[in-house]
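Colleague: Could you take a close look with me at one part of this model? I would love a connected account rather than a list.

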Amino acid sequence: MEMSITAAGFAGSLAAGAATGLGTIPLFLLTRSMAERQEALFLSFAAGVMLGASFFSLLIPALQAAQELGFGKAGGTLIAVLGLLAGAAAIGLIHQLLPHEHFHIGPDGAIAPAILRVRRVWLFIAAITLHNLPEG
């Protein structure tokens, strides 16, 4: 029996989501005893990986695709930059329409540091999940 493209996409997304979930298990074990500086180091590394992935997996292929469509280097660059700015504007609009809780009660509020740390981990998980939606 052959799998439809929709079922294959769903299965692939489910597998990627499960792998992401499994990859967060060590974070739950480490964050309880991790120093704040060490946590910042890991988050900085993750941000760098995501920045590299967006550049090498999204921007360079967008430039190449636009050039292959006949827009040339300048036109391809313009299209890629406009796409990047449109994405940033969309994130800014979402940020305006759906503000984060910490803008209303302060970054820490009266929350215990241990609970705040767990919330940060869940925020990171939610961000990765939302990041995977457009890629799917």
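How many residues does α3 have, and what distance does α3 reach from its first C-alpha to its last?

Modeller: Happy to! Please keep in mind that this is a predicted model. Helix α3 has 26 residues, and from its first C-alpha to its last it reaches 37 Å. At 1.5 Å a residue one would expect 38 Å, so the span of α3 is close to the expected value.

To place α3 in its setting, the chain contains five helices and zero strands, giving the pattern α-α-α-α-α along the sequence. Buried residues account for 10% of the 136 residues in the chain. As for contacts between residues at least 6 apart in sequence, 48% of them join residues at least 24 apart.

Now to the partner of α3. Helix α2 covers residues 36-68 and α3 covers residues 72-97; the two pack at an angle of about 135°, with their axes 8 Å apart. That angle makes α2 oblique to α3, because angles over 145 degrees would be needed to count as roughly antiparallel. The crossing of the two helices is right-handed. On the α2 side, the contact is made by Leu 59, Ala 62, Leu 63, Ala 66 and Gln 67. Facing them from α3 are Gly 72, Lys 73, Gly 76, Thr 77, Ile 79 and Ala 80. Sorted by class, this contact has six nonpolar, four polar and one charged residues.

Burial in α3 fits into this picture. Gly 75, Gly 76 and Ala 80 are buried in α3, and the buried residues of this helix pack against α2. Gly 76 also gives us a handy distance to Gln 64, a residue of helix α2. Gln 64 and Gly 76 are 12 residues apart in sequence, while their C-alpha atoms are 7.4 Å apart in space. Gln 64 has a relative accessible area of 45%, so it counts as partly exposed.

One last stop, on the other side of α2 in sequence. Met 34 sits in the loop between α1 (5-30) and α2. Its relative accessibility is 7%, which means that Met 34 counts as buried, the cut-off being under 20%. Setting aside neighbours within four places in sequence, Met 34 is in contact with Glu 39, Phe 42 and Arg 117.

So, to return to your helix: α3 spans 37 Å, and α3 meets α2 in a right-handed crossing at about 135°.

Conventions
Residues numbered from 1 in each chain as written. Predicted model: local features only at pLDDT ≥ 70, side-chain atom pairs only at ≥ 80, totals over all residues. Heavy atoms only, no water. Axes fitted to C-alpha atoms, helices over the stretch in contact; angles between N-to-C directions. Helix = DSSP H or I, 4+ residues; strand = E, 2+ residues; numbered from the N terminus. Parallel < 35°, antiparallel > 145°, perpendicular 65-115°, else oblique. Left-handed = near helix turned anticlockwise from the far one by under 90°. Contact = heavy atoms within 4.5 Å. Nonpolar A, V, L, I, M, F, W, Y, C, P; charged D, E, K, R; others polar. Buried < 20%, exposed > 50% of the residue type's maximum accessible area, 1.4 Å probe, protein only.
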